[in-house]
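Me: I should like to work through a protein chain by question and answer. Please reason through each reply and finish on the value or name requested.

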Amino acid sequence: MSDKHFDALPKAHTTYANIIKSLLPIGDSSKVDKDALPQATYFVDNLHIDESNLSDYRKICGFADNGKVPITYFAVLSQALQMNMMVKEAFPFTMLGLVHVDNSVTQYRPIGERETVNMSVAFANLRDHTQGQQFDFVTTVKSQDDIIWEGTSTYLARAKTAQTSSDKSKPRTVTVKPMVDEKGVHNVFEVPEDIGRRYAFVSGDFNLIHLHPLSARAFGFPKAIAHGMWSKAKCLGLMGELPDACTVNVAFKLPIFLPSEVELIAEPVSKLESIEDSCHFGLYSAKNDKPHLIGMIKLLSNNK
């Protein structure tokens, strides 16, 4: 078990210095176990919210300045720990080739912007996928000993091995753009060319695929693409006030090439009256039916 404790979140410039070092041909990477994740958990023992950064995050994502931490904010903060874990531990995959495919965040109660909390991040659930392997980063936020927030980010490490015939025979999930719910949210908006660079300075995620067409082409994208966590947060910001205790799951589908025009279609959050209810939303290309993300909000049970 390799646990590390930090007094504060690692700074972006030190994190990316470590990433660059990890790309250099130094050491013997052949000794890394390709069939296991590191048994490592990283902690920030007393995490204080940076009010200036939180303000910038609210503005770029469209969240209200209401004294509460937006439900997606800790997922963004945890990425600094995630990146350090991938470069400092015996991580079996190439970081720059990872694809963020799913994200789930759960808030058990409203969290005040001035609260001091504890955050931990751990690797989990390595499993096979038809295109390679998937794994999770699991983030837990506590106040004293009480869990107040949890998040799971799922990544795909693509492999060059071909699919088997049984894999190819499986039916593919088809996503159909739904009809607009008159009581819900319908919003068509522009995603500007510079959103990747602007969001990077707020989130600390300077992945080259988001910053400029030239750097994105080096990784196989014709243009820069928007951050998945920005698109999720932007949808939630447009949907208004969320329940005090809820889970928001999102599957990231097709990338948003910058610039783009997109269309949010969401059911009303007000329909959530019991744990059996769900509120579905999706972000689509405004020019066709292609989905960029598909999401769902669920209430938590009262006894959690």
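Me: What percentage of the 304 residues in the chain is buried?
Reply: The model is a predicted one. A residue counts as buried when its relative accessible area is under 20%. Of the 304 residues in the chain, the buried share is 48%.

Me: How many helices and how many strands does the chain have?
Reply: Both kinds of element occur in this chain. The totals are 7 helices and 11 strands.

Me: What share of the exposed area do carbon and sulfur atoms supply?
Reply: The area that the chain exposes is about 15,700 Å². Of this area, carbon and sulfur atoms supply 51%.

Me: Among contacts with a separation of 6 or more, what percentage joins residues 24 or more positions apart?
Reply: The contacts considered here are those in the chain with a separation of 6 or more. Residues 24 or more positions apart account for a share of 72%.

Me: In what order do the strands lie in the sheet, and which are the edge strands?
Reply: The 11 strands form an open sheet with mixed pairing, in the order 1-2-4-5-6-3-8-11-10-9-7. An edge strand pairs on one side only, and this applies to strand 1 and strand 7 (185-191).

Me: By what angle are neighbouring strands of this sheet turned against each other on average?
Reply: The angle is an average over neighbouring strands of the sheet, and direction is ignored. Its value is 15°.

Me: Which strands does helix 3 touch, and what angle does its direction make with that of strand 4?
Reply: Helix 3 packs on the sheet. The strands touched are strand 1, strand 2, strand 3, strand 4, strand 5 and strand 6. With the direction of strand 4, the direction of helix 3 makes an angle of about 60°.

Me: Is Gln-82 buried or exposed?
Reply: Gln-82 belongs to helix 3, which covers residues 73-88. Beyond its neighbours within four places in sequence, Gln-82 is in contact with Val-121, Phe-137, Thr-139, Ser-153 and Tyr-155. The relative accessible area of Gln-82 is 2%. Because the cut-off is under 20%, Gln-82 is buried.

Me: Do strand 1 and strand 2 run parallel or antiparallel, and which residue is the bridge partner of Ser-2?
Reply: Strand 1 (residues 2-6) is joined to strand 2 (residues 40-48) by 5 bridges, and the two run parallel. For Ser-2, the bridge partner in strand 2 is Ala-40.

Me: Which residue in strand 4 does His-48 stand opposite?
Reply: Strand 2 is also joined to strand 4 (residues 116-129), here by 6 bridges and in the antiparallel sense. Opposite His-48 in strand 4 stands Thr-116.

Me: Why is strand 3 described as largely enclosed by the rest of the structure?
Reply: Strand 3 spans residues 98-107, which makes 10 residues to consider. The strand is largely enclosed because the number of buried residues among these 10 is 7.

Me: Which residues are the bridge partners of Asp-102 and Gln-107?
Reply: Strand 3 pairs with strand 6 (residues 146-158) in the antiparallel sense over 9 bridges. Strand 3 is also joined to strand 8 (residues 246-252) by 6 bridges, again antiparallel. In strand 6, the partner of Asp-102 is Thr-154. In strand 8, the partner of Gln-107 is Cys-246.

Me: Are helix 2 and helix 5 roughly parallel or roughly antiparallel?
Reply: The axes of helix 2 (residues 51-61) and helix 5 (residues 195-203) come within 9 Å and cross at roughly 155°. Residues that meet include Asp-56 and Tyr-57 in helix 2 with Arg-198 and Tyr-199 in helix 5. The crossing is left-handed. Angles over 145 degrees count as roughly antiparallel, and the relation of helix 2 to helix 5 is therefore roughly antiparallel.

Me: What distance separates the C-alpha atoms of Met-229 and Tyr-199?
Reply: Met-229 lies in helix 7 (residues 228-239) and counts as buried at 4% relative accessibility. Its contacts beyond four places in sequence include His-100, Phe-252 and Tyr-199. Met-229 and Tyr-199 are 30 residues apart along the chain, and their C-alpha atoms are separated by 9.8 Å.

Note on methods: Residues numbered from 1 in each chain as written. Predicted model: local features only at pLDDT ≥ 70, side-chain atom pairs only at ≥ 80, totals over all residues. Heavy atoms only, no water. Helix = DSSP H or I, 4+ residues; strand = E, 2+ residues; numbered from the N terminus. Buried < 20%, exposed > 50% of the residue type's maximum accessible area, 1.4 Å probe, protein only. Contact = heavy atoms within 4.5 Å. Areas by Shrake-Rupley, 256 points an atom, 1.4 Å probe, with all protein chains shown as cover. Pairing = 2+ DSSP bridges. Axes fitted to C-alpha atoms, helices over the stretch in contact; angles between N-to-C directions. Parallel < 35°, antiparallel > 145°, perpendicular 65-115°, else oblique. Left-handed = near helix turned anticlockwise from the far one by under 90°.
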